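Dear colleague,

Please find below the structure that I agreed to pass on to you. My notes on it follow directly after.

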Amino acid sequence: MTGRRGHGEFDLIARFFEPLSRAAPGAFALGNDGALLTLPESASLVVTKDLMVAGVHYPEGEEPSMLARRLLRVNLSDLAAMGASATAYALGLALPTDVDDDWVEAFAAGLAHDQEAYGVALIGGDTVATEGPAVLSLTAFGTVEGDACLTRSGAGAGDDVYVSGTIGDAALGLRAVRGELAALEPEDRAALAERFRLPEPRLALGAALVGLATCAIDVSDGLVADLGHLCAESGVAARVAADAAPLSDPARRALAAGEADIADLVTGGDDYELLFCAPPSARGGIDALGRRLGVALTRIGAIEPGQGVTVADATGQPLSLGRAGYTHF
């Protein structure tokens, strides 16, 4: 792992990042060009990578410890969608030259907090200076038993469609972070902002769905968009009921206040809940799983032959959404 020019790369590593590697012997205290990952017998490695760019994925001026925690969590969410157990991560930072050591120290503290909570350790990476916006990159590593993982390609006609938790909160939360949603009470704006800043990766749920669900994806681009990705990979269509979408109390109050409509919530991204399919015969098992984990698992629709995603209103008519979700290009 190398550091930013002008700050003393080895000092930067030793002060802020080497402590994050101590739980991983194969990281060699970040003193080598790579790390050694030893897998349990019969396990397979699952690898995922996400980027966060200032001004694109988060507003400028966000607190660095929260950025670090969010960066780690969104990657762990991808592991959850594969049914994997998280083990380690590598970090890449391109930081503007005006970022000081206090910022880096707070960022490292955020990582330290969440890596302990989720049982992972830093095993390597790179830091560089940039004249552009900050770019925060993380690669997460996890394991599954043999090749028993969740994918996007297993849905079949007749499967139920489920989503965990509530949806639409993070899209509203980003607006709250930007100083919008004036019609809501401060506590609702704060709750929604926290859902944007600190998504909850559903690692225990993902692992428990292996063998029960036919496919899964995490909701990053938006419920409709991500269900579309799942349907495209599986070669099927989906029909979901807008009024079945699970909403938090603050989101319901936002709807009532006219701050959003249901289309905003089912197409808004960054919730990082798990969206998955399972045959009707698994309903009892899924209900029991939700109770055991203390996670709401809501059946919102079904898989059909064909292509695409239909979101129906209370009368069964398709809603006009305008867009399916977030896209970079």
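Two strands are said to pair if DSSP finds at least two bridges between them. With that in mind, Val-46 stands opposite Gly-142 in β4. Please note that the model is a predicted one.

The pair just named belongs to β1 and β4 (residues 135-145), which are joined in the antiparallel sense over eleven bridges. Both strands are part of an open sheet of four strands, ordered β1-β4-β2-β3, in which the pairing is mixed. At its edges lie β1 (43-53) and β3 (121-130), each of which pairs on one side only. On average, and with direction ignored, neighbouring strands of this sheet are turned by 15° against each other.

Two helices pack on this sheet. Helix α2 (residues 64-81) touches β1, β2 (85-96) and β4, and its direction makes about 140° with that of β1. Helix α3 (residues 101-118) touches β2, β3 and β4, and its direction makes about 170° with that of β2.

A second region of interest centres on strand β8. Five of the five residues of β8 are buried, so this strand is largely enclosed by the rest of the structure. As background, side chains in a regular strand alternate between the two faces of the sheet. In β8 both faces are covered: Leu-274, Phe-276 and Ala-278 are buried on one side, and Leu-275 and Cys-277 are buried on the other.

Strand β8 has antiparallel partners in β5, through four bridges, and in β6 (residues 215-218), also through four bridges. Leu-275 of β8 is the bridge partner of Val-163, and Ile-217 likewise stands opposite Leu-275.

Finally, I would draw your attention to helix α10 (residues 283-293). Its buried residues are Ile-286, Leu-289 and Gly-290. Seen down the axis of α10, these residues fall within an arc of 100°, and they therefore line one face of the helix. Arg-291 and Arg-292, on the other side of α10, are exposed. The cover over the buried residues of α10 includes β5 (160-164), α6 (203-209), β8 (274-278) and β9 (297-304). The strand β8 described above is thus among the elements that cover this helix. After α10 comes Gly-294, whose phi is positive, near 70°.

With kind regards

Methods:
Residues numbered from 1 in each chain as written. Predicted model: local features only at pLDDT ≥ 70, side-chain atom pairs only at ≥ 80, totals over all residues. Heavy atoms only, no water. Buried < 20%, exposed > 50% of the residue type's maximum accessible area, 1.4 Å probe, protein only. Arc of directions from axis to C-beta. Contact = heavy atoms within 4.5 Å. Axes fitted to C-alpha atoms, helices over the stretch in contact; angles between N-to-C directions.
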